[in-house]
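Trainee: I would like a close look at a single part of this model, one helix and what surrounds it. Please take it step by step and then move outward to the rest of the chain.

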Amino acid sequence: MAAPSDIQRQHWDQTYIDKPGMFGEEPSSAARTAAALFEQEGMTSILELGGGHGRDTMYFARQGFQVTVFDYSEHGVTEIVRRARAIGYEHAVTAARHDVREPLPVPDASVDACYSHMLFCMALSTIEIEALMGEVWRVLRPGGLHVYSLRNTSDPHYGVGTHHGEDRYETGGYQVHFFDRPKVERLAQRFALLDIETFDEGTLPRRLFRVTLRKSGGER
Ligand SMILES: C[S@@+](CC[C@H](N)C(=O)[O-])C[C@H]1O[C@@H](n2cnc3c(N)ncnc32)[C@H](O)[C@@H]1O
């Protein structure tokens, strides 16, 4: 039997076996907004966390960024690699299986930007999320940006289904950690908090925050 911490990974793996294009072919609005910001700042390298089947990864690659992407689902990563080859952008995408509860296998101060869409609201405890935030800070170069999204407490699934402690609820086998604004502000830790925007995605709709943080230093 799988350890509790592995059940969610297996669920995501099965999702990508059953629906390799679960989130659709088009990039998310979060990725479009982030790419415009990164481009405006002259950034070239992006570390993407929880890339899923790569809808946003392919967009970043096509926009001219060099993307390193991690996801703990083997089938998600396989799909990203397949898609990058299919569109002729394998030179721009490095995809690897990695669980973000472990330290990121990335050197200190080596990436311009870190991006994730709906990764920080996965089955992670607050302690694990704080540790990941510290890892993102470590790998970003001074002046680097961290743009991430997470589902907020206005989401229709907040408080629904099986409660897993903190603000974590499971519906349809997917566990989600929901956030309110004060918690997002606390999570900023050593970063400068530039922006918290609300937006919706899908038909549910998922209700999200898109958060923009900057690692201080390296001012232009
Ligand atoms: C809601 S999906 C979003 C996927 C993608 N960002 C998108 O929007 O298309 C969250 C992704 O995070 C991955 N994930 C969840 N927990 C993870 C962990 N601890 N380490 C790495 N990836 C994780 C899942 O496998 C899944 O692909």
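Mentor: What follows starts with helix 2 and then goes on to a second helix, the loops, the cysteines and the largest pocket. The model is predicted, and every value below is computed from it.

Helix 2 takes in residues 29-40, twelve residues in total. From its first C-alpha to its last it reaches 17 Å, close to the 16 Å expected at 1.5 Å a residue. Which of its residues are buried? They are Ala30, Ala31, Ala34, Ala35 and Phe38. These residues lie on the same side of helix 2, because the arc they cover around the axis is only 125 degrees. The spacing has a general background: an α-helix has 3.6 residues a turn, so residues three or four places apart point the same way. On the other side of helix 2, Glu39 and Gln40 are exposed.

The next point is what the buried side meets. The buried residues of helix 2 pack against one helix segment, helix 3 (55-62), and against strand 1 (45-49), strand 4 (111-117), strand 5 (140-151), strand 9 (192-201) and strand 10 (206-214). After helix 2 comes glycine 42, with a positive phi near 70 degrees.

Helix 5 can be read in the same manner. It covers residues 126-139, and its 14 residues should span 20 Å at 1.5 Å a residue; the end C-alpha atoms are 20 Å apart, which agrees. Its buried residues are Thr126, Ile129, Leu132, Met133, Glu135, Val136 and Val139. Among the partners that the buried residues of helix 5 pack against are strand 1, strand 4, strand 5 and strand 10, and these four names also appear in the list for helix 2. The list for helix 5 includes strand 8 and helix 6 (181-187) as well.

Val139 of helix 5 leads to a loop residue. Serine 110 sits in the loop between strand 3 (93-97) and strand 4. Leaving aside neighbours within four places in sequence, serine 110 is in contact with Ser45, Val139, Leu140 and Arg141. Serine 110 counts as partly exposed because its relative accessibility is 35%. Its C-alpha is 25 Å from that of valine 184, which is 74 residues away in sequence.

Alanine 109 is in that loop between strand 3 and strand 4 too. Its phi is positive, about 45 degrees, although it is not a glycine. With a relative accessibility of 40%, alanine 109 counts as partly exposed. Glutamate 166 also has a positive phi of about 45 degrees without being a glycine. Its place is the loop between strand 6 (162-163) and strand 7, and at 41% relative accessibility glutamate 166 counts as partly exposed. Another backbone feature is the cis peptide bond between leucine 204 and proline 205, where omega is about -10 degrees. Proline 205 belongs to the loop between strand 9 and strand 10, two strands that the buried residues of helix 2 pack against.

Now the cysteines. How many disulfides does a search of the whole structure find? It finds zero. The sulfur of cysteine 114 has its closest cysteine sulfur in cysteine 121, and the 14 Å between them is too far for a bond, since a disulfide needs the two sulfur atoms within 2.5 Å. Cysteine 121 is likewise in no disulfide. Cysteine 114 is buried, with a relative accessible area of 0%, and cysteine 121 counts as buried at 0% relative accessibility.

Last comes the largest pocket, which holds about 820 Å³ of space. It is lined by 43 residues, and those closest to its centre are Trp12, Met118, Met122, Tyr174 and Gln175. Two or more lining residues come from each of helix 1 (4-18), strand 1, helix 3, strand 2 (66-71), strand 7 (168-171) and strand 8 (174-177). Of these, strand 1 and helix 3 are also packing partners of the buried residues of helix 2. Helix 1 gives the largest share of the lining, six residues. Arginine 9 lies in helix 1, and at 14% relative accessibility arginine 9 counts as buried. Beyond its neighbours within four places in sequence, arginine 9 is in contact with Tyr72 and Arg97.

Conventions. Residues are numbered from 1 along each chain as its sequence is written. This is a predicted model: local features need pLDDT of at least 70, side-chain atom pairs count only at pLDDT 80 or more; totals for chains, interfaces and linings use all residues. Side-chain values use heavy atoms; hydrogens and water are left out. Buried means under 20% relative accessible area, exposed over 50%, partly exposed in between (1.4 Å probe, protein chains only). The expected span of a helix is 1.5 Å times one less than its number of residues. The arc is that of the directions from the helix axis to the C-beta atoms. Contact means heavy atoms within 4.5 Å. On a 1 Å grid over the protein atoms alone, a cavity is a set of points where a 1.4 Å probe fits but cannot get out, and a pocket is an open set with protein on both sides within 12 Å along at least five of seven lines; lining residues have an atom within 4 Å of a point. Grid points are joined across faces, edges and corners, and a volume is the space filled by probe spheres set on the points.
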